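Welcome! Have a look at the sequence and the model below, and then let us walk through some of its features together.

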Amino acid sequence: MRGTRWLLLVVIAVILGGIAIKYRAQKDIIRAQAPPTPKPLAESLNAAADHYEATKRNGSGKCDTFHVEAESYEQSKDSSHVDLKNVSVKTYNKECTAYNLSRSAAATYFENDSRLYSDGEAQITLNIPIDGKPKHTPVSIKTSGVTVDVNTGRAETDRPSTFVFDNGSGKATGAFYDPVTHELQLKSGVEIDWKPDRPNSKAMKIEAATLQYHEAASEILLSPWGKLTRDNTVVEGENVIIHLRETGSGDNSRRTISQVHAERAHGVDAYPARKLQYSADELLIDCDEDGEIKSIIAQNNAHLVSTAEASETTVNANRVDLGFDVIKKESLLSHVNAVGDAVVNSRPLPVKGKDLGETHVLRSQSLEMKMRPGGHEMDTVLTHAPGTLEFLPNLPAQHHRVLTGNDMRITYGAQNRVDTFHTTNATTRTDPNAAEKSRNRVQSSTSSQDLLARFDPRTGQMSTIDQNGSFAYQEGDRHALAQKASLDQATNVILLDGAARMWDSTGSTSADRIRMDQRTGDFLAEGNVNSSHLPDKNPKKNSAMLSGDDPLQAKARKMDSRNHNRVVHYEGDVVMWQGANRLTASVADLDRDKKILVANGNVVNYLWEQPKEDQKKKGAGPVLTVVKAPSMKYTDSDRLAVYTGGVTLTRTGMLVKSRELQAFLADSDADSRLVKALADGNVEIVGTTNGHVRTGTAQHSEYYTDEQKVVLTGGQPKLVDMLNGKEKGSIQAPDKLTYFANDDSLLGSGSASQPVQSRIHRGK
């Protein structure tokens, strides 16, 4: 109150002093002209004047705290306020370098609280320098219902306002400005059009519920929500903070947007060929001097969607960092870093003339994406932690597949189609498609130290997989191991290389290399082949060729297995054995369903038979039968092995030679493996007992193991008995000779015209 009274006294003194000065200066003129007496003051007024001016110095005395000037004023007798017309108020800063100017057609000055109020239109201009011209266009506000604190210069209104500032304009309802704190508040309905003066800069529109501008901190606060629109980019969020930077110096200095920080924010960058959307609980955007986005940090529930012509890529993580390259006045996405439960989902979009590829879902705690030039297609994706890549089928022929590993690297071709995929410590799981499930295919899995996958650029589907280091494979009961392996997706063929081994419920195979057809289970093994075929669970289905109760083992240089190991071809130094029985040949073919075994080239068949119980009691041991021939065919339906091309059969005490030999085998559980042998063509049988060597010749012979009987027929059968290298006798029969080894007896048959001939050499 004391201050306002002082102000009133100053005003009155100024007025009275001015009148006195004018009176003394123009005394003679007044007398000469005899001016009329001034109009009497109205009874309701305490004071009135055509000019009003009031000033208060600041504490330092360097400049005024404020300066009020008006065209006229009136003061009511019953009121402490003063009504001013065409009033202007200057409020100075503490440094005495600038002032704020408020103008209005009419205003009321309240002495008690040093407050000036303008109900009509008012204009406020901020930060006008005392000396010289402003470096930039000062902020100018037009509004009404303005209250100005003449002591502090604080101005406030709750009415609609428009304002102009350096490189922009705007509007709001309600405004507040404090020159002491340099704080500007726009209370509601804020709209600002920001027009940077740099040649490459683009205009920006700022919208908010409320706005606070802190000049000292170079910050603009938008709350509880704010929205920024710049060309094709829109960012919206809660409690938005816009950080400004000072660029240039002197008259060339300017303030531009350097950062935007927002809570629970989302943004979109939309262009004809691409669209980028992002959101997070916390969003931080860095801009260059032209206002183009350089980087975006999205933290907590970060979400990113990049849409191009042929694909849509979604990134979710605890934190996502986006980097941009500014090219031709556009911010183009260059790279993405995602940390914390990161998930990248790349979904193909329909493209005319292209098959729809698989959807790829990549998961890792830390991953990095690099974009191709243009910012709308990916170039590479790297994981810096263990990751999982999942393939989701979009067409019936595609497979659901999951790959896991470390240090994943995905390279992309055109239209965001995957080109290659590489990882270490890899595992894969592949589910059969609908057609494969109908054929009872089941899930398959692999593991290896290293994995490289290539993709078809036309379809985006996986074309080949190369896996190195401790490769392992499993599909149902089918397993495989190798040093390395490759899969050709088009043919669905796996190539195992280096110490390759595979096995299932029917047996196992190892080799230097194995080529396996996943669709059929057929495989080709090459180099140091070793195989084992388990006997069928039903004994009646087992072959009697070797030994049906034991696994069938084989070695060869090459092995071709078909029909789930039911049809097998061996080639090159073939050795097959089952129990103690063995077969060697150059080539062998086994058909387990038809129960046929065919061998060719240097065939050698070793057949062991156990003695009967009564023979065991007499000390008899196992008997070995060895058959050699160029070719052999065994048919299990009649237990018949046919040897051709020049055959030699060797058995304890007996040798049989012929062009062809038929060996009839007993059932697998019989005591004797060989029941009988029929030889044809230049037959020669050599039997050795008690020092005697008996040689029989004929065109046909029959040998019966149980009776130890040999029957020779055709071509004048003949038997020669040798003892210690000397012939003891011989017998030749035109029809048949029958020899019984058990009792060393011989029968010959002939006719009257062709009698049996015998010759006995007496010892001397």
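Let us start with a pair of residues: lysine 558 has glutamate 571, in β32, as its bridge partner. This is a predicted model, in which local features need pLDDT of at least 70 and side-chain atom pairs count only at pLDDT 80 or more, while totals for chains, interfaces and linings use all residues. Residues are numbered from 1 along each chain as its sequence is written, and side-chain values use heavy atoms, with hydrogens and water left out.

**Neighbouring strands**

Strand β31 (residues 552–562) and strand β32 (residues 567–578) run antiparallel and are joined by eight bridges. Strands here are DSSP runs of E with at least two residues, and helices are runs of H or I with at least four, numbered from the N terminus. Two strands pair if DSSP finds at least two bridges between them. The hairpin of β31 and β32 has four residues between the strands, and asparagine 563 in this hairpin takes a positive phi near 55°.

On to the next partner: β32 is also joined to strand β33 (residues 581–591), antiparallel again, by 10 bridges. Here glutamine 578 has asparagine 581, in β33, as its bridge partner. Two residues lie between β32 and β33 in their hairpin, where glycine 579 in the turn has a positive phi of about 65°.

**The whole chain**

How many helices and strands does the chain have? Its secondary structure comes to four helices and 45 strands. The chain has 764 residues, of which 45% count as buried; buried means under 20% relative accessible area, exposed over 50%, and partly exposed in between (1.4 Å probe, protein chains only). Taking contacts between residues at least 6 apart in sequence, 44% join residues at least 24 apart, where contact means heavy atoms within 4.5 Å.

**Cores**

In soluble globular proteins, nonpolar side chains tend to be buried together. The largest nonpolar core holds 149 residues, and Leu84, Ile242 and Val320 touch the most other members. Strand β16 (residues 274–287) gives the largest share of this core, six residues. A core of this kind is a set of buried Ala, Val, Leu, Ile, Met, Phe, Trp, Tyr and Cys residues joined through side-chain atoms within 4.5 Å. Leaving aside neighbours within four places in sequence, the contacts of leucine 84 include Tyr52, Val68, Ala105 and Leu116.

**A buried asparagine**

Is asparagine 100 buried or exposed? Asparagine 100 counts as buried because its relative accessibility is 7%. This residue sits in strand β6 (residues 98–110). A polar atom of the asparagine 100 side chain lies 2.6 Å from the backbone nitrogen of asparagine 127. Not counting residues up to four places away in sequence, asparagine 100 touches several residues, among them Val89, Leu126, Tyr177 and Pro179.

**Backbone details**

The peptide bond from serine 223 to proline 224 is cis, with omega near -10°, and proline 224 is found in strand β13 (residues 219–230). Two further residues, neither of them a glycine, have a positive phi:

| Residue | Phi | Strand | Relative accessible area |
|---|---|---|---|
| Asparagine 301 | about 55° | β17 (residues 293–307) | 57%, exposed |
| Alanine 499 | near 50° | β28 (residues 493–504) | 56%, exposed |

Note on methods: A polar contact is a pair of N or O atoms within 3.5 Å; within protein, one must be able to donate a hydrogen and the other to accept it, and residues adjacent in sequence count only if both atoms are side-chain atoms.
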